[in-house]
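Q: Please take the assignments in this model one at a time and set each value against the rule behind it.

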Amino acid sequence: MLDMTYEQEFMQEFEAWVATQIMVNEMAMTQSQEVADETDDERAKDAIIRYESRLDAYQFLLGKFENYKAGKGFHDLPDGLFDQVNY
């Protein structure tokens, strides 16, 4: 195995951290949704919005990692962006 440069190791660890944050926020959003559905708690509804916003940001960052791996520029759009429908 080749030794990674500091930058390669940093990027790999950062990408893993972002992926973990996506997983954590997805679980938290699901739990908040369950609480909101069961109790109609306004705090849980607010939490859903916060977790969803964080997820959007982390998923945006993950797309930048995909650009990096594909040799694209930071500001390039990810492949298939206009083929997606998000609600």
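Q: What makes the pairing of lysine 45 and aspartate 40 a salt bridge?
A: A salt bridge is defined as a side-chain nitrogen of Lys or Arg within 4 Å of a carboxyl oxygen of Asp or Glu, and the side chains of lysine 45 and aspartate 40 meet at 2.6 Å, N to O, so the pair satisfies the rule. The model is a predicted one, in which local features need pLDDT of at least 70 and side-chain atom pairs count only at pLDDT 80 or more, while totals for chains, interfaces and linings use all residues. Residues are numbered from 1 along each chain as its sequence is written, and side-chain values use heavy atoms, with hydrogens and water left out.

Q: How many salt bridges does this rule give?
A: The count comes to five; among them is the bridge between arginine 43 and aspartate 41, at 3.2 Å, N to O.

Q: Why is arginine 43 called exposed, and why is aspartate 41 called partly exposed?
A: Buried means under 20% relative accessible area, exposed over 50%, and partly exposed in between, with a 1.4 Å probe and protein chains only. Arginine 43 has 64% relative accessibility and therefore counts as exposed, whereas aspartate 41, at 22%, counts as partly exposed.

Q: What links glutamate 66 and lysine 69, and where do they lie?
A: Their side chains meet in a salt bridge at 3.9 Å, N to O. Glutamate 66 and lysine 69 both lie in helix α2 (residues 42–69), three residues apart, about one turn of the helix; helices are DSSP runs of H or I with at least four residues, numbered from the N terminus. Salt bridges that share partners join Glu15, Glu66 and Lys69 into one network.

Q: Why is asparagine 25 called buried, and which residues does asparagine 25 touch?
A: The relative accessible area of asparagine 25 is 5%, so this residue is buried. Asparagine 25, which is found in helix α1 (residues 6–39), touches Tyr51, Arg54, Leu55 and Tyr58, not counting residues up to four places away in sequence, where contact means heavy atoms within 4.5 Å.

Q: How do you know that serine 32 is buried or exposed?
A: Serine 32 has 11% relative accessibility and therefore counts as buried. Serine 32 is also found in helix α1, and touches Ala44, Ala47, Ile48 and Tyr51, again not counting residues up to four places away in sequence.

Q: Why is threonine 30 called partly exposed?
A: Threonine 30 has a relative accessible area of 42%, so this residue of helix α1 is partly exposed.

Technical notes
Helices (H or I, at least four residues) and strands (E, at least two) are DSSP runs, numbered from the N terminus.
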